[in-house]
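Trainee: I should like to request a close look at a single part of this model. Please choose one sheet and set it in the context of the chain around it.

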Amino acid sequence: IKDRMFYNCSSLTSVTIPNSVTSIELGAFMYCTSLTSIEIPNSVTSIGRNCFDSCINLTSVNIPTSISVLDTSLFRNCSSLTSIEIPNSITSIKERTFYNCSSLTSIDIPNSVTSIGNHTFYNCSSLTSIEIPNSITSIKEETFYNCSSLTSVTLGENVTSIGKNAFNGCSFLQNVTCLATT
């Protein structure tokens, strides 16, 4: 699926991608504001940045195990997305992947993930708890900025640095467990 192929198709409500598709490129479904769900087959090995950016009614999406990277701003402004399962095939979550996903209540980051970019969960105001796996060594700047419902955070044993304003605006944060010795 080529760059911006369905860009701003505001009446598109659902998509089933055939097994013949191997990649979904930059902004392919960006601003598809009526899109509520999408099924992505395991034949897809890459999904470009901003692919589902501003799909404000997207409530569910499956991420196939054939994907290794959640690209920049992939689900940015998907304000109806309540939960998403990240498979063990994912090694990297880029910048702003879940930026302003204000209905996202929970997310499990698997141990396969070794890096999380800046502003990844910025303004995820319904997120209540998060566990940073041992595979992560640093939390970038403003990663959890304005996650105003966040009450509990567990930092894995290999976290050695936390960036500027990583938890700024997390006004209900009550419990922080740090498993790292340094």
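Mentor: The account below begins with the chain, turns to one sheet, and then follows a neighbouring loop and the nonpolar core.

The model is predicted. The protein chain contains 15 strands and 0 helices. Along the principal axes, its C-alpha atoms fill a box of roughly 50 × 30 × 20 Å. A compact globule of 182 residues would have a radius of gyration near 16 Å, and the value for the protein chain, 16 Å, therefore agrees with that expectation. Of these 182 residues, 45% count as buried. Among contacts with a separation of 6 or more, 22% are between residues 24 or more positions apart.

The part chosen is an open sheet of 3 strands, arranged in the order β11-β13-β15 with parallel pairing. The edges are occupied by β11 (129–131) and β15 (175–178); each has a single partner strand, so one side of each is left without a neighbour in the sheet. From one strand to the next, the twist averages 5 degrees. The pairing of β11 with β13 (residues 152–155) is parallel and extends over 3 bridges. Within β13, Val153 is the residue that stands opposite Ile130.

The loop between β14 (161–162) and β15 holds Asn168. The relative accessibility of Asn168 is 35%; because buried means under 20% and exposed means over 50%, Asn168 counts as partly exposed. The side chain of Asn168 is joined to that of Asn165 by a polar contact of 3.2 Å. Setting aside residues up to four places away in sequence, Asn168 touches Phe144, Tyr145 and Asn146. Cys147 lies 21 residues from Asn168 in sequence, with 8.2 Å between their C-alpha atoms.

Phe144, one of the residues touched by Asn168, also leads into the interior. The largest nonpolar core has 50 residues, and Phe144 is listed with Ile24, Phe29, Phe52, Phe75, Phe98 and Phe121 as touching the most other members. In soluble globular proteins, nonpolar side chains tend to be buried together. Phe98 shows the surroundings of one such core residue in detail: beyond its neighbours within four places in sequence, its contacts include Leu70, Phe75, Ile84, Ile86 and Ile93. Phe98 is also in contact with Leu104, Ile107, Thr120, Phe121, Tyr122 and Cys124. Two of these partners, Phe75 and Phe121, are themselves listed among the core residues that touch the most other members.

Technical notes
Residues numbered from 1 in each chain as written. Predicted model: local features only at pLDDT ≥ 70, side-chain atom pairs only at ≥ 80, totals over all residues. Heavy atoms only, no water. Pairing = 2+ DSSP bridges. Helix = DSSP H or I, 4+ residues; strand = E, 2+ residues; numbered from the N terminus. Axes fitted to C-alpha atoms, helices over the stretch in contact; angles between N-to-C directions. Buried < 20%, exposed > 50% of the residue type's maximum accessible area, 1.4 Å probe, protein only. Contact = heavy atoms within 4.5 Å. Polar contact = N/O pair within 3.5 Å; in protein donor to acceptor, adjacent residues only side chain to side chain. Core = buried A, V, L, I, M, F, W, Y, C linked by side-chain atoms within 4.5 Å. Rg over C-alpha atoms; globule rule 2.2 N^0.38 Å.
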